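Colleague: I am new to this model. Please take a close look at one helix, and then follow its surroundings outwards.

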Amino acid sequence: MKTFLVPTDFSSSANNAVIYAAALAKECKAKLILLHSFQIPVSPSGIPTRAISIEDLQKNNERFLEKEVIRIQRHHDIKIEIWTEPGFAVDEVHEIEKRKKPDLIIMGTKGAGKIKEVLIGSTATAVIRDAKTPVLLIPENAEYVRPEKIILACDHKAGINLNNLFFLKDLAGKFNSDLYMVNVVPNKEAIPAAEKGIVALKIGHYMGDNIICSYHFPQNKDFVLGMDDFLHKHKAAMITIIPQKHNLLERLFNESNTKRMAFHTKLPLLTLPGTHKNSSR
């Protein structure tokens, strides 16, 4: 892991993600790329205003980013590159992703009463859908914790392609992490006895000897509540999903009982791109 791309709109949630990214980059000896995209002001008539030029807007935003760099480097001795471009946030994230080929995109998410208001239809979700790079979502109130305990949300019916776990293997290897593979099932009868051993052995072998892997089947008819309960009991630092492969993003954030999901305001969420995307970069 050499480069982290961190989009920012200078909001409190984005600032928190930057702080988290800086701490992680320091431990991984990685460089940060701070990206701010901006839109050209438009008058009520729909005609772009000439009160300020694109060049002036860009210079102003560069100054804001430079202040961010100074703030970060007071606490973390890391390399930081800044980019500011006119355009829509999602488009610019993917454009810089293509140009710079970061190992990880780190974004902030805002706290809200319902998880749908946090992610569904948001910039973060739009980035995840088309990213060829792992995306780490940082809740507004989350503090950096070394990822020594990581949860991988599994679905034994869909299976797991080991190629999708490359970044997770790299991350867990750097921190000698314990990896909890978690598959929420409605009852004991839904636990696949053979699959329980086979999948754990395959992933454990892939991860290597320094990463302790274990497979868990918490029982709950509500997937989200079962996952939430497991997270609280095991004090994990991060949860990982492969939304394109398992459709778990929708399962996590479209449950009817979203107001009872406590973990979304506290725990970073790592999403890994599925193999149906073009992984050659």
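Modeller: First, a term: a residue is buried under 20% relative accessible area, exposed over 50%, and partly exposed in between (1.4 Å probe, protein chains only). Glu68 is buried by that rule, at 9%. This is a predicted model, in which local features need pLDDT of at least 70, side-chain atom pairs need 80 or more, and totals for chains, interfaces and linings use all residues. Numbering starts from 1 along each chain as its sequence is written, and side-chain values rest on heavy atoms, without hydrogens or water.

Start with helix α2, residues 54–73. Helices (H or I, at least four residues) and strands (E, at least two) are DSSP runs, numbered from the N terminus. Glu68 and Arg71 both belong to α2. They sit three residues apart, about one turn of the helix. Their side chains meet in a salt bridge, 2.9 Å from N to O. That term means a side-chain nitrogen of Lys or Arg within 4 Å of a carboxyl oxygen of Asp or Glu. The two partners differ in burial: Glu68 is buried at 9%, while Arg71 is partly exposed at 27%.

Helix α2 also holds Phe64. Rings of Phe, Tyr and Trp (its six-membered ring) pair if their centres lie within 6.5 Å; planes under 30 degrees apart are stacked, over 60 edge-to-face, and the rest tilted. The structure has four such aromatic pairs. In one of them, Phe10 and Phe64 have ring centres 5.5 Å apart and planes at 45°, so this pair is tilted. Phe10 comes from the loop between β1 (3–7) and α1 (12–28), so the pair ties together parts that are 54 residues apart in sequence. Neither ring residue is buried: Phe10 is partly exposed at 24%, and Phe64 is partly exposed at 44%.

Now move outwards. The whole structure has seven salt bridges. One of them joins Lys31 and Glu81, at 3.0 Å from N to O. This one links distant parts of the chain: Lys31 is in strand β2 (residues 31–38), Glu81 is in strand β3 (residues 80–86), and 50 residues separate them. Lys31 is partly exposed, at 27%.

A further bridge lies within a helix. Arg99 and Glu95 meet at 3.3 Å, N to O. Both are in helix α3 (residues 89–100), four residues apart, or about one helical turn. Arg99 is partly exposed at 43%, and so is Glu95 at 32%. Elsewhere, salt bridges with shared partners join Glu27, Arg146 and Glu148 into one network.

What about the strands that Lys31 and Glu81 come from? Strands β2 and β3 run parallel, joined by seven bridges. Across them, Leu35 stands opposite Trp83 of β3. Two strands count as paired if DSSP finds at least two bridges between them. Both strands belong to an open sheet of ten, in the order β3-β2-β1-β4-β5-β10-β9-β6-β7-β8. Its pairing is mixed. The edges are β3 and β8 (212–216), and each pairs on one side only. Strand β1 comes next to β2 in that order, and the loop between β1 and α1 is where Phe10 sits. That leads back to Phe64 in helix α2, the helix that also carries Arg71 and Glu68.
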